[in-house]
Every structure is written in C-alpha cells, then in structure tokens.
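Here is a set of short exercises to work through with the model open beside you. Try each task before you read its solution.

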Amino acid sequence: MKILPSRRPCLRALFLATGCLTALANTSSAAEGALHLLNRFNDWPWTGGNGATEIRGSHPLPENGGTTVTFSFLNPWTNVDVSNSASPSTSGATASTFGVTTESGLGVGDSMGYFNRQEQFSLKASHKIAIKELQFDEYTGGEVVHLGWTQGGTAKSLVLSLDLTPGGRIKGKDIVNPIPSTTNLVVDANTSLRITNVGPAGTDAGRLRLIRMVTVPVFSQTPTYTTQGTDAYEQMFGVNLAGGDGTSKGVPGKLNEAYHYPKRDGMDYFNSKGLKLIRVPFKWQRIQRVLGGPLSAEDVNELDRVVTDAEDRGMKVILDMHDYGGRGAYKIGSPEVSLENFKDVWAKIAERFNGRPGIYGYGLSNEPNDMGIYSWPKAAQAGADGVRSKDKHAWIIVGGENYSSSSKWIEANPNLNVTDLEDRLMYEAHTYFNDARSGEGYKSYEAEYAHPTRGVYLLEPFVRWLKQRNARGFLGEYGAPTGDSRWLTILENYMKYAGANGLSGTYWVAGAWVDNSSDLNSVQPDANYTIDRPQMAVIEKNFAYGYVRPEVIVDNRQATRSSGWTSSTPEPFKRRST
C-alpha cells in the first residue's frame, strides 16, 4: 500500500474509556485507555534480542490523537536472593542478559528465553500504565512470581501464585494469569515494575518463559480517540447478510433456490439496531457466468436492489466476492483464471456501482488460502487495479492469506503490500474465538481453554501489522457462540479493542436462510424478527467511537432507536431524499 502519512494519521478511534475494562480484573477509578499487549519481543517495534541488556520498543497507542509510549525491559539479574519470597534481594545478584526465543518468549541468561528461579528483570514505561494480565509458558504448577512497583510514589508489591485464577486459563504448559481483582497494579511513569521468579526449587518447577503482558495506559482524564483523516474514513460496524455465497445446491445454481441476496426485512431489523454496515457475499461464478464475459443481469440487478435498499435506510454495503482466492477449483493467477480475468471482473463490478452512496467498499476475495505457486499479493493488486480503473472513491478491501486469520496474519502475509494511488485501501482479517479458530464445532468454554481476553490476543497481530504500515484495517468476520455468557465477554473485549484501534467490522453471520440451531454464531433473530439472539446485546453497542450514528430511517420515515423495529416490506419503498 502506498503510505502517505501526511494524508492520514495512524489507526485511531473516538472512544470514551469509562467502563472499558469492566469485564477484566483490576479495574481502577483512574481514566484507563484501551488494552495494549506486550509480546513478540523479537519483532517490530522491539529492538534488542538475544544477548541484549535492554529490549526497547516505541509503541504507537491510539489515545488522544496518538500516544507513543516507550516500553523497556531492562536490568536482567541472576542469583537473586529469593529466600524470602515476599522481599527478593539483588544485593548479591549477578547482572545478566535477555534471552528471546523464536516464539518470542522472554527470559534471562540463555537463548531459550527461560526465566528461572532466582532471576529477575524489570519493565519501565514512559507513561503510567496498569498491568492487567501475565501469560507464561513452561508452566508446570506451583510457580510463583514476585511483582514490585511504585504507585503514586509509594512502593508496592505482590506475590503472585500462578494457579488458575478467575478469568485465567491453563493449556498444557501455557498459563494466562490475570492480576487479582483485589490488586490495583498501576506503575508510575519512568519507574520499574520488577518481576522476580521466586518459585520453588527443583529441576523444572521454577522455570518459566514470559509470553505476553496485558497493559493499559492510564490518564488523568478520560482519553479520546479519533479515526479522522483526509481519506474520509468512516468507522462502521455491522453484520454479514449471507445467502449469495450458498453452495449446497451448486454453483451457479438458480437464484432464490440455490442462493439469494439480502431481503428488506433483514435490512430493516439490523438498521433498527444501529448496525449500518452490511457485508454481502456473492460468488464470482454467479456475478459473471463466463470468464471475461458480461455480468449476470439477474445477479447485478439483485445486488443493485440491495444497495438501493441500503441507501433508503442510510446504510452502506460491502460487496464481498466470497471465493477464497480463486474461482471455483482454480486459483487466481493460474492458467484457468488469469490475473487479467480478476482485474476484468472487478472493473465491471466497479463500473456498475461507481458513485453509489450505498457502496462502502469492494471485498476482493474472501479468505484467500492454499494459493500454492500462485501469488495472492499479485492477484490482490490486479483486483485493486480493476476497481480503481472505474471507481476512484469506494474502499478496496484486501483479505489476507491463511483464511485472513488475524492471529496468523504476520506470518501469512509478509509480502502483502497493495498499491492504491487513491489511498483508500484497507486490509481485511477474520477472527473466531474457539481453539481451532474456525468458529465451528464449539466445545465448552473450559474445553476451548477460553479466557476474557482471548479475542484481543487473536486480533493483536493484525493490529500490530497495520500500525507498522500505518494502514487501515477491516474485520470482515468474527463471531461468538450462544449458550455461555462468558463468550459474550470475549466478544465485547474484542470489539472494544477493535474500535479503539480504529477498525471497522461486520459480524458473522445473519441472513434469512441461516440455521440458528446449527450455527451458534448466528445473530439472525428468532420468531420472525421479534426475538434477538444473545450476541445482539453486545454487537448493537456503538464500537465505532468516532462515528455518530444517524437516526434510523425506514421508508423515508425517521424514528429513534428506542421506537423499535418495524418491517417496511408490505409497503412500497421510496428512495430517501438526499
């Protein structure tokens, strides 16, 4: 992507932080910002690595128009006196170096990143921070760490037993350990949080590896966030209205038998909930029946109807080619489906919808994967060029390889750098919260090793990648199951983190043919749109913190959100006056 820093700032969103972390432990009365993760200690923005005496990174945070905080791990020690676990002493300790593994675990004294008994290191930040959570690897049970810090000029300490605490998780040798709710752990700016392994003696019992720390910047006043820039970015959240992607009865299949496009009842319902962005999946083989040929009139007319319905309600649509980096069995760039074919179809779609106020953007291809010898970055550039040849305004939305997985984004997309001279391009990631990251076949919350910040953990690699490139981001799919309210806590923390970091998104899934009994992620309402799904209580909240929602518009009639939802299907539709 062409980076034009003078045209827009880093990812930011207007966000009132009051209550931001109510689902997490350790909430204080201070004005806290958004969650921020310290991890991947051998990647950007960290400098240092194996053998260093300091590992430092300048981290761009989204608060107050952009806040840069420098975090430094320093003062690694060995041979610390831990005979009194409540008061470790470095008086006779030995200065050491840091070790960082390829998995980005952090430790002291060796290249494997182990953090053994009688070892200590410190964290210093240039801004006041709260510590919310620690994650360690190599957990075997019974490990103990001592935390010492300065808060309001007063020395504080905590002996933390790494056992399963409320909100925590143990999976194999990996433990997520929230700071107890009884401890308000806020570290003064430019002072040290000292972490000492005071665990029991033994071959393996005292060995750990720091994988991740969850922190929050603390401010004297409630921070604000903004997404504004000269690219006219509009941060929005909404849902996927599936149907055009259906394949159970074949592709292309017959319209309204094998597949369908969103109907007005569904648009009315989600509009009434303040969800103004609709992602509409479709298949390439339906929109263009013959490669290089004209667009299918019946499919384009249906999509035109959807866009018109959106415009009548003050909503916007993303046209999403739901084809996994190919067309049918063939990948883009192959002899059967050339880069020029991909450019051609997107030029024709963009030409048809150019200038429509109901178009938010074009999703080039859903979840590219298994590209083999064919290059997704080259394919994405071809699709983007096709769009821009006909539409200079709408957003181009580029998914990532490995099914656009947010947690695998950095490893899967080292060369994804699409150029758009209009500087209106965003990258699309997907996140699901079960252990398989698929959003299907959920087991129980415990069996999935879930915890309240799992969604933030999974999204952070994508957010980090965007910050490094000063790029815009979009979350095309994310979902949480019903049956256990703790999944909704994960969803809400995820959406708060996304909103604070300036992302837009569409929840998966809704649609008239979605089966709520089999798709636990579904937010398609029950009983003819009269009963909300449980997830709606979360996703209807305003996470687009820089966006003031307009009044709900139904058939050119204005109604407040509190007036409830009214189907307009029996009445003729009128284009909303502009």
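Rings of Phe, Tyr and Trp (for Trp the six-membered ring) form a pair if their centres lie within 6.5 Å; planes under 30 degrees apart count as stacked, over 60 as edge-to-face, and the rest as tilted. This is a predicted model, in which local features need pLDDT of at least 70 and side-chain atom pairs count only at pLDDT 80 or more, while totals for chains, interfaces and linings use all residues. Residues are numbered from 1 along each chain as its sequence is written, and side-chain values use heavy atoms, with hydrogens and water left out.

**Exercise 1. Rings and charges**

Find the residues that ring pairs link into a cluster, then look for charges over rings.

Solution. Start with the cluster: ring pairs connect Phe41, Trp46, Phe73, Phe98, Phe115 and Phe121. Next, apply the test for a charge over a ring: NZ of Lys or CZ of Arg within 6 Å of the ring centre and within 35 degrees of the ring normal. Arg207 has its charged end over the ring of Tyr114, 4.2 Å from the centre. Arg286 lies over the face of Tyr259, and here the distance to the ring centre is 4.0 Å.

**Exercise 2. The barrel**

Trace the strands that close into a barrel, and work out whether the pairing is parallel or antiparallel.

Solution. Begin with the terms: helices (H or I, at least four residues) and strands (E, at least two) are DSSP runs numbered from the N terminus, and two strands pair if DSSP finds at least two bridges between them. Eight strands close the barrel in the order β18-β19-β20-β23-β24-β25-β26-β27, with parallel pairing. On average, neighbouring strands of this sheet are turned by 25° against each other, direction ignored.

Now take individual pairs. Strand β18 (residues 237-241) is joined to β19 by three bridges, and Val239 stands opposite Ile278 in β19. Strands β23 (residues 359-363) and β24 (residues 395-399) also pair in the parallel sense over three bridges; the bridge partner of Gly361 in β24 is Trp395.

Finally, look at the side chains of β19. In a regular strand the side chains alternate between the two faces of the sheet. Leu277, Arg279 and Pro281 point one way from β19, while Ile278, Val280 and Phe282 point the other way. Six of the six residues of β19 are buried (under 20% relative accessible area with a 1.4 Å probe, protein chains only; exposed is over 50%, partly exposed in between), so β19 is largely enclosed by the rest of the structure.

**Exercise 3. Helix α4 and its surroundings**

Check the span of α4, then find what covers its buried residues.

Solution. The expected span of a helix is 1.5 Å times one less than its number of residues. For the 15 residues of α4 that gives 21 Å, and the end C-alpha atoms are 22 Å apart, which agrees. Helix α4 (residues 339-353) lies across β19, β20 and β23, at about 160° to β20; axes are lines fitted to C-alpha atoms, for helices over the stretch in contact, and angles run from 0 to 180 degrees between N-to-C directions.

Among the buried residues of α4 are Phe342, Val345, Trp346 and Ile349. Their cover includes β19, α2 (284-287), α3, β20, β23 and α5 (376-388), where contact means heavy atoms within 4.5 Å. After α4 comes Gly355, whose phi is positive, near 85°.

**Exercise 4. Two edge-to-face pairs**

Which parts of the chain do the pairs Trp346 with Tyr362 and Tyr445 with Trp487 link?

Solution. The whole structure holds 22 aromatic pairs. Trp346 and Tyr362 are edge-to-face, 5.7 Å centre to centre with 65° between the planes. This pair links helix α4, which holds Trp346, to strand β23, which holds Tyr362, 16 residues apart. Trp346 is buried at 0% relative accessible area, and Tyr362 is buried at 0% too.

Tyr445 and Trp487 are also edge-to-face, at 5.3 Å and 70°. Tyr445 lies in the loop between β25 (425-432) and α7 (454-469), and Trp487 in helix α8, 42 residues apart. Both Tyr445 and Trp487 are buried.

**Exercise 5. Unusual backbone**

Where is the cis peptide bond that involves Pro252, and how exposed is Tyr449?

Solution. Most residues other than glycine have a negative phi, and most peptide bonds are trans. The bond from Val251 to Pro252 is cis, with omega near 5°, and Pro252 lies in the loop between β18 and α1 (264-272). Tyr449 is not a glycine, yet has a positive phi of about 55°; with a relative accessible area of 31%, Tyr449 is partly exposed.
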